[in-house]
Amino acid sequence: MDCIFCKIANKEIPSDIVFENEKVIAFRDINPVAPVHILVIPKAHVESVQALEGEDYNLLPDIFKAIKEIAVKEGIDKSGYRVISNSGKDGGQEVFHLHFHILGGENIGKLRCK
Ligand code: 5GP
Ligand code: ZN
């Protein structure tokens, strides 16, 4: 499958990895919009939130545990951060492998998204 995030998860494409376990990997966004901008993805290919089905839902606790752990590692757990997942065309999704943006390191304001 020609999916850039599968290739990142398989280390076929280099990325700045900040977290990894059996099910989840996280790396810095190549085009950051905040001082901390990290993408958290399941290693298994799922297209989007809207494509979640069956066993896929079991990935979500692991993803959110990873998000919390990354926030602590990045020193933004107390200052705060935003978690975003774009789904589909109107959501502005560009890469069709489920991912959660973590944005932090400064006040993100109400309107900034990715
Ligand atoms: P989306 O718009 O689908 O929610 O977000 C996709 C994100 O992936 C964008 O913020 C984009 O900068 C990031 N991105 C796209 N290609 C690469 C890549 O090859 N490496 C990394 N680290 N980030 C990427
Ligand atoms: Zn993929």
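This is a short viewer tour of one protein chain and its zinc site, moving from the overall fold to a few single residues. Keep in mind as you click around that the model is predicted.

**Stop 1: the whole chain**

Start with a cartoon of the protein chain. You should find 2 helices and 5 strands, and walking from the N terminus the order is α-β-β-β-α-β-β. The radius of gyration comes out at 13 Å, close to the 13 Å that the globule rule gives for 114 residues, so the chain is as compact as a globular protein of that length. If you like a bounding box, the C-alpha atoms fill one of roughly 35 × 30 × 25 Å along the principal axes. Colour by accessibility next: 38% of the 114 residues count as buried.

**Stop 2: the zinc ion**

Select ligand 2, the zinc ion, and show the protein atoms around it. Which protein atoms act as its donors? They are SG of C3, SG of C6, ND1 of H45 and ND1 of H97, at 2.0 to 2.3 Å from the zinc ion. Put angle labels on the site and you'll get values of 104 to 117° between the 4 donor atoms, which makes the arrangement tetrahedral. For reference, the ideal angle for four tetrahedral donors is 109.5 degrees.

Now look at where the donor residues sit in sequence: their spacing reads C-x2-C-x38-H-x51-H. Pick out C6 and H45 from that set. C6 is in helix α1 (residues 4-9), while H45 is in the loop between β3 (36-42) and α2 (59-74), so this pair ties together parts 39 residues apart in sequence. Buried or partly exposed: what is each of the two? C6 is buried, at 12% relative accessible area, whereas H45 is partly exposed, at 30%.

**Stop 3: the largest pocket**

Hide the zinc site and switch on a surface. The largest pocket has a volume of about 450 Å³. Of its 21 lining residues, select F5, D29, I30, L39 and V95, the closest to the pocket's centre. Two elements, α1 and β2 (24-28), each give two or more residues to the lining. α1 gives the most, with 3 residues. Colour the lining by residue class and it divides into 9 nonpolar, 7 polar and 5 charged.

**Stop 4: three loop residues**

First up is K11, in the loop between α1 and β1 (17-20). Check its backbone: phi is near 65°, a positive value in a residue other than glycine. Most residues other than glycine have a negative phi. With 48% relative accessibility, K11 counts as partly exposed.

Next, go to V49, in the loop between β3 and α2, the loop that also holds H45. V49 is partly exposed, at 35% relative accessibility. Draw a C-alpha to C-alpha distance from V49 to H97: you'll read 9.4 Å across 48 residues of sequence. H97 is one of the zinc donors from Stop 2.

Finish at A34. Where does A34 sit? Its place is in the loop between β2 and β3, and at 8% relative accessibility A34 counts as buried. Add one last distance, from the C-alpha of A34 to that of C113: the two are 79 residues apart along the chain and separated by 10.0 Å.

Technical notes:
Residues are numbered from 1 along each chain as its sequence is written. Chains are lettered from A and ligands numbered from 1 in the order in which they are written. This is a predicted model: local features need pLDDT of at least 70, side-chain atom pairs count only at pLDDT 80 or more; totals for chains, interfaces and linings use all residues. Side-chain values use heavy atoms; hydrogens and water are left out. Donors are N, O and S atoms within 2.8 Å of the metal (3.2 Å for Na, K and Ca); water is not among the atoms, so sites may look incomplete. Four donors count as tetrahedral if all angles lie between 85 and 135 degrees; four count as square planar and six as octahedral if opposite donors are over 155 degrees apart and all others between 65 and 115; anything else is irregular. Helices (H or I, at least four residues) and strands (E, at least two) are DSSP runs, numbered from the N terminus. Buried means under 20% relative accessible area, exposed over 50%, partly exposed in between (1.4 Å probe, protein chains only). On a 1 Å grid over the protein atoms alone, a cavity is a set of points where a 1.4 Å probe fits but cannot get out, and a pocket is an open set with protein on both sides within 12 Å along at least five of seven lines; lining residues have an atom within 4 Å of a point. Grid points are joined across faces, edges and corners, and a volume is the space filled by probe spheres set on the points. Ala, Val, Leu, Ile, Met, Phe, Trp, Tyr, Cys and Pro count as nonpolar, Asp, Glu, Lys and Arg as charged, and the others, Gly among them, as polar. The radius of gyration is taken over C-alpha atoms; the globule rule is 2.2 Å times the number of residues to the power 0.38.
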